[in-house]
Amino acid sequence: MWEGTMIKMMVTVVIVFTICWLPFNFLMIMKLPSSWDLLPYFWFAFHWLAMSHSCYNPIIYCYMNARFRSGFILVLHGVPGLQQICCCIRHSPPTIARNVGSSVALAGEMNGLYGASALRSKPGARVRCHPG
């Protein structure tokens with residue numbers, strides 16, 4: 001089941017990449033006359049669409065991947081003052097750290113953020129490394 005979700009996410013990333021970059025590459029390959037008055041406007045619009053692709057991947061990952069979403073929320077908990085401003089951060093950081101995996105939890109512990117210290121109160125306690 002998890003592999004199917006990853007394949008869907010990667011296919012979505014490839015489709016969005018193609019939609020964003022195909023018009024600009026098509027415009028660059030075409031032999032259009034430079035005297036065409038609308039060329040700068042089309043170039044700007046297609047170039048903007050191509051460059052905007054870098055904004056779409058995190059949105060796709062956050063929407064389609066629970067581990068990425070949990071890790072992103074965990075990182076947001078480390079931003080000072082953001083919890084008072086943003087109503088989207090509702091989860092407690094130790095709960096999120098359990099869902100993200102041991103590497104993110106340990107990184108948070110090393111940085112003094114909300115890490116695995118709350119999870120490892122007992123010797124031998126483990127952090128789940130699979131999506132929950």
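These legends describe close-up views of one predicted model. Local features are given at pLDDT of at least 70 and side-chain atom pairs only at pLDDT 80 or more, while totals for chains, interfaces and linings use all residues. Residues are numbered from 1 along each chain as its sequence is written, and side-chain values use heavy atoms, with hydrogens and water left out.

**View 1. Aromatic pairs in helix α1 (residues 2–29).**
Helices are DSSP runs of H or I with at least four residues, strands are runs of E with at least two, and both are numbered from the N terminus. Rings of Phe, Tyr and Trp (its six-membered ring) pair if their centres lie within 6.5 Å; planes under 30 degrees apart count as stacked, over 60 as edge-to-face and the rest as tilted. The whole structure holds 7 aromatic pairs. One of them joins Phe17 and Trp21, which is tilted because the ring centres are 6.3 Å apart and the planes meet at 35°. These two residues are 4 residues apart in α1, about one turn of the helix. Trp21 also pairs with Phe24, edge-to-face, at 6.1 Å centre to centre and 80° between the planes. Trp21 and Phe24 are 3 residues apart in α1, again about one turn. An α-helix has 3.6 residues a turn, so residues three or four places apart point the same way.

**View 2. The aromatic cluster of Phe17, Trp21, Phe24 and Trp43.**
Accessibility is classed with a 1.4 Å probe on protein chains only: buried is under 20% relative accessible area, exposed is over 50%, and partly exposed is in between. Phe17, at 42%, is partly exposed. Trp21 is partly exposed as well, at 22%. Phe24 is buried, with a relative accessible area of 11%.

**View 3. Helix α3 (residues 53–64) and its two faces.**
The expected span of a helix is 1.5 Å times one less than its number of residues. For the 12 residues of α3 this gives 16 Å, and the end C-alpha atoms, 17 Å apart, agree with it. His53, Asn57 and Ile60 are the buried residues of α3. They lie on the same side of α3 because they cover an arc of only 70° around the axis, the arc being that of the directions from the helix axis to the C-beta atoms. Exposed residues Ile59 and Tyr63 sit on the face turned away from the buried side.

**View 4. Asn65 in the loop between α3 and α4.**
Asn65 is buried, at 14% relative accessible area. A side-chain oxygen of Asn65 reaches to within 3.0 Å of the backbone nitrogen of Arg67 at the start of α4. Neighbours within four places in sequence aside, Asn65 is in contact with Met6 and Met9, where contact means heavy atoms within 4.5 Å.

**View 5. Helix α4 (residues 66–77) and its buried side.**
The 12 residues of α4 reach 17 Å from first to last C-alpha, close to the expected 16 Å. Its buried residues are Ser70, Gly71, Ile73, Leu74 and His77. An arc of only 160° around the axis covers them, which puts them on the same side of α4.

**View 6. Residues 7–29 and 41–64, listed by UniProt as "transmembrane region".**
The listing comes from an unreviewed entry, and such annotations may be inferred rather than shown by experiment. Residues 7–29 are 100% helix and 0% strand, with end C-alpha atoms 31 Å apart. Residues 41–64 are 96% helix and 0% strand, and their end C-alpha atoms are 34 Å apart.

Methods: Polar contact = N/O pair within 3.5 Å; in protein donor to acceptor, adjacent residues only side chain to side chain.
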